[in-house]
Amino acid sequence: MNNQIDRRNFISSSAAAGAGLMIANSALGQAGGKKDINIALLGAGAQGQVLMNAILKLGRNSGVKFRAVCDIWEKGNLRRVSRTLKAYGRLGHKGTAYVDYQEMLEKEKDLDAVLVATPDFWHAEHTIACFEKGLHVYCEKEMSNSLEAAKNMVLAGRKAEKLLQIGHQRRSNPRYIYCNEKIIKEANLLNRITNISGQWHRSRAGCVDLGWPDGTEIPKETLKKFGFDDMAQFRNWRWYKGLGGGPIVDLGSHQIDVYSWFLDNAVPSSVMASGGVDYWKDHEWYDNAIAIFEFPTKKGLVRASYETLTTNSSNGYYELFMGDEGTLLISESAGRGELYRESWVDEAKWDPWVQKGMINLEKASAKAAVKAGDDEVDVRESATPALYRMPIEMKDPYHQPHLVNFFESVRGNQTLNCPGEIGYETAVMVLKVNEAIAAARKIELKPEDFKV
Amino acid sequence: MMKRQGDRVVDVGARSITDAHHFAHEAMATVFELYIVEEDEAYARQGAQAAFAEVDRLELEMSRFLSNSDISRLNDAEPGQTVALGMDSFECLCRAKEMFGKTGGAFDISIGALYGCWLHEDRTLRQPSPKEIQHAHALTGLNHLELDESGFCAEVLTEGVQFDLGGIGKGYAAEKVAEILREWSLDQALVLAGASSVLSVSVPEGMSGWPMKLRNPENPNEVLARFELKEGAVSGSGRQKGQHIIDPRSVDVGPVKGRLAAWSVAPDAIAADASSTAFMMLSDEEINEYCLANARTAAIILPHADSGEFSSRTVRCFGELEEIELET
């Protein structure tokens with residue numbers, strides 16, 4: 001199968017193959033309806049709380065109601081979230097608290113969907129258990145720390161004919177959608193994309209291990225039952241093998257997902273990478289990782305690099321798409337988006353898009369050094385490329401559009417922006433980076449490696 | 001200093017702020033600093049990290065410079081449109097409205113239109129037309145903001161009214177930081193939200209209070225007053241040379257002379273932040289009334305001296321403030 005197939009075709013083809021996206025919607029018998037969707041939050045840590053707050057900010061008439069929350073940290077996450085949901089009881093939410101997810105799924109009879117925001121190594125078990133109860137699932141990325149488990153999540157969703165949205169929230173961010181659909185596709189302002197680079201750099205201070213307030217420890221037997229050696233490991237699971245995947249998975253995954261998305265969901269033919277536990281002594285996963293992917297596309301090969309650091313925050317996080325006619329810099333960070341025209345490209349070529357209001361010219365490029373009719377070269381500071389901006393802002397809380405896309409898909413009004421099949425492709429890309437670092441060699445990938 | 005030995009806490013006595021661990025973090029266009037007295041530095045650092053993470057989270061909720069913050073969503077809303085808010089923004093707006101009422105409208109988070117009317121972008125004075133003044137006046141005041149407690153939501157009643165939590169957000173964040181430090185049993189701590197808002201979580205064993213000094217903003221070498229902060233917060237407002245103050249209560253008179261600097265001591269950092277702003281323009285009588293009406297509240301005022309004489313002799317105090325030492 002051609003791996004440049006676009007996402008819409010991909011989704012409808014997987015649905016037609018019995019994967020059940022459309023089938024699941026009609027099975028609900030409420031296409032177009034605004035029926036209340038009852039949800040539970042499974043995993044109430046920092047990310048779970050971000051999702052919860054984004055949903056609470058949908059307000060009174062969202063038709064989405066929390067019923068319960070589950071987290072093994074009773075005196076930490078669970079207390080905080082159930083307290084918030086209790087306060088929002090006036091809007092019809094309920095936050096019955098559970099430590100054991102099986103007990104929650106057993107007792108909460110009127111759920112329609114579950115948000116899974118537990119550590120990566122729990123995603124598959126939690127997601128599959130929800131499907132077995134006939135519930136739709138919004139699962140945080142990374143889908144899983146194991147590709148086999150990630151595949152099983154997709155298969156279980158198809159079997160249950162329930163939806164699986166993976167939390168690559170940029171796929172529903174209007175600024176990203178605009179860049180992909182308008183700037184890259186419709187106006188083709190970059191022309192042939194040849195290279196992509198991206199990064200997420202964090203300062204040392206931002207990467208210190210998380211602690212916990214004295215007296216809030218999870219009982220040892222509970223930690224053990226749920227797969228953690230101790231409280232420190234529970235709080236910092238992202239750094240441990242078998243639990244998380246390190247920064248390349250936590251952060252890189254979001255951005256490498258966008259690489260693929262903007263290339264019409266192309267998948268790479270190879271990855272090589274370097275990284276290591278170079279700075280933080282107690283961690284198992286690589287505290288810095290630098291990867292290079294090769295993406296074959298219809299227009300030619302795209303070479304893409306990605307880097308994540310935990311010692312220096314220089315330049316923060318962004319993705320940079322480089323074509324032979326222009327450059328697009330985009331970041332989820334609010335307001336960060338720039339578009340440059342290569343200086344050899346005639347301004348007149350981009351003008352129509354400015355006239356249409358699709359892009360705004362912020363700073364024209366410096367005029368040519370030799371003006372028409374002049375016989376001398378005007379020597380001055382080096383010319384800067386013309387800078388344009390996208391006239392679109394993210395006006396909703398982060399993650400909210402992606403959650404809304406999930407809820408509207410449950411109602412049959414939309415299709416998922418990041419179904420499990422797409423999440424799986426991204427999981428392959430980033431988990432293979434860790435594999436390439438460990439193997440210290442280039443890993444070749446085949447299109448079928450990305451298929452469930 | 002408190003010493004942690006397993007679960008036992010032993011008092012070994014702290015003597016000064018230099019015995020406290022110091023942590024700093026940039027957020028909300030300033031630097032948040034914590035002084036924490038705690039034997040286990042690693043534990044204090046992790047508590048500080050949790051507190052700073054909360055400040056970062058609050059900035060995303062409340063900054064008007066972020067297009068998807070609660071405040072931006074409120075500022076973008078059409079009149080009559082209900083905006084569902086997070087608990088923090090909602091609570092902060094409620095406190096802003098409360099302080100608007102308590103200060104007779106002198107503290108006003110909707111004052112932006114008036115500043116835009118009377119000042120150029122470089123903050124120099126401009127002369128607006130009566131129509132412009134009228135328009136700005138019509139867009140000022142928290143009577144344009146409806147808060148609905150039954151739904152954590154807000155409604156802007158008049159098109160074009162803009163809100164900015166800049167004058168109260170740091171105080172709110174300081175209170176939330178104190179909550180987290182208490183959860184961590186790190187309550188022998190001092191929170192600085194920039195140099196202008198200071199909150200004592202509690203006074204460490206062995207200290208009688210956190211030492212504070214107030215300086216003359218026009219002559220930083222001159223210390224005007226010293227006192228010990230035991231509980232609650234102190235907040236300062238001042239103005240740089242040439243800076244103008246608009247009193248939202250008297251829109252048509254334009255910039256007012258106001259004070260050179262004002263400090264407020266209050267039971268919490270939100271009240272301190274808002275009242276110190278208001279004290280820059282309230283009259284002596286109004287400040288006195290405010291301090292009488294609000295428990296554990298005091299004001300220290302450095303009036304604008306026409307004679308150009310800025311010395312501690314001109315400092316005036318209102319309300320109850322134990323052991324304040326004026327540097328006469």
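Which backbone oxygen does the side chain of S276(B) reach? The side chain of S276(B) reaches the backbone oxygen of D273(B), at 3.2 Å. This report begins with that serine and then turns to the rest of the predicted model.

## A buried serine in chain B

S276(B) belongs to helix α7 of chain B, which covers residues 269-279. The relative accessibility of S276(B) is 1%, so this residue counts as buried. Once residues up to four places away in sequence are set aside, S276(B) touches S235(B), G236(B) and S237(B), and also A262(B), W263(B) and S264(B).

## Confidence in the prediction

The model as a whole has an ipTM of 0.89 and a pTM of 0.90. For chain A the mean pLDDT is 91, with 90% of the residues at 70 or more. Residues 1-33 of chain A, however, have a pLDDT below 50. In the model this stretch has 68 contacts beyond near neighbours in sequence.

For chain B the average pLDDT is 88, and 90% of the residues score at least 70. The stretch with pLDDT below 50 in chain B is residues 1-13, which has 31 contacts in the model beyond near neighbours in sequence. The contacts of these two stretches should be read together with their pLDDT, which is below 50 in chain A and below 50 in chain B.

## The interface between the chains

The size of an interface is often given as the accessible area lost when the parts come together. Between them, chain B and chain A bury about 2,300 Å², and carbon and sulfur atoms account for 47% of this area. Q49(B), S67(B) and N68(B) supply 25% of the area that chain B buries against chain A, more than any other three residues. The contact involves 28 residues of chain A and 24 residues of chain B.

Charged and polar groups also meet across this boundary. Five salt bridges are found across the interface of chain B and chain A. In a salt bridge between D148(B) and R60(A), the side chains meet with an N to O distance of 3.4 Å. Polar contact links 15 residue pairs across the interface, counting pairs with both residues at pLDDT 80 or more. On the side of chain B that touches chain A, the elements giving two or more residues are α1 (41-62) and α2 (70-76) of chain B. Helix α1(B) provides the largest share of that side, six residues.

## Cysteines without disulfides

A disulfide is a covalent bond between the sulfur atoms of two cysteines. How many disulfides are there over all chains? The count is zero.

Why does C92(B) form no such bond with the closest cysteine? The closest cysteine sulfur, in C94(B), is 9.4 Å from the sulfur of C92(B), and this is too far for a bond. A disulfide would require the two sulfur atoms to be within 2.5 Å. C92(B) counts as buried because its relative accessibility is 0%. In chain A, C207(A) is likewise buried, at 3% relative accessibility.

## Backbone features in the loops of chain A

The peptide bond from K141(A) to E142(A) is cis, and its omega is near -10°. E142(A) is placed in the loop between β5 (136-139) and α7 (147-160) of chain A.

E161(A) is not a glycine, yet its phi is positive, at about 55°. This residue lies in the loop between α7 and β6 (164-166) of chain A. With a relative accessible area of 31%, E161(A) is partly exposed. N191(A), also a residue other than glycine, has a positive phi near 55°. The loop that holds N191(A) runs between α8 (174-186) and β7 (193-201) of chain A. The relative accessible area of N191(A) is 24%, so this residue is partly exposed.

## A buried threonine in chain A

Is T327(A) buried or exposed? At 12% relative accessibility, T327(A) counts as buried, because the cut-off for buried is under 20%. T327(A) is part of strand β12 of chain A, residues 326-330.

T327(A) and Y340(A) are separated by 13 residues in sequence, while their C-alpha atoms are 5.0 Å apart in space. Y340(A) is among the residues in contact with T327(A) when neighbours within four places in sequence are left aside. The others are L190(A), L320(A), F321(A), M322(A), E338(A), L339(A) and E342(A).

Methods: Residues are numbered from 1 along each chain as its sequence is written. Chains are lettered from A and ligands numbered from 1 in the order in which they are written. Side-chain values use heavy atoms; hydrogens and water are left out. pLDDT is the predictor's confidence in each residue, from 0 to 100. Contact means heavy atoms within 4.5 Å. Buried means under 20% relative accessible area, exposed over 50%, partly exposed in between (1.4 Å probe, protein chains only). Buried area is the accessible area (1.4 Å probe) that two parts lose on being put together, summed over both. A salt bridge is a side-chain nitrogen of Lys or Arg within 4 Å of a carboxyl oxygen of Asp or Glu. A polar contact is a pair of N or O atoms within 3.5 Å; within protein, one must be able to donate a hydrogen and the other to accept it, and residues adjacent in sequence count only if both atoms are side-chain atoms. Helices (H or I, at least four residues) and strands (E, at least two) are DSSP runs, numbered from the N terminus.
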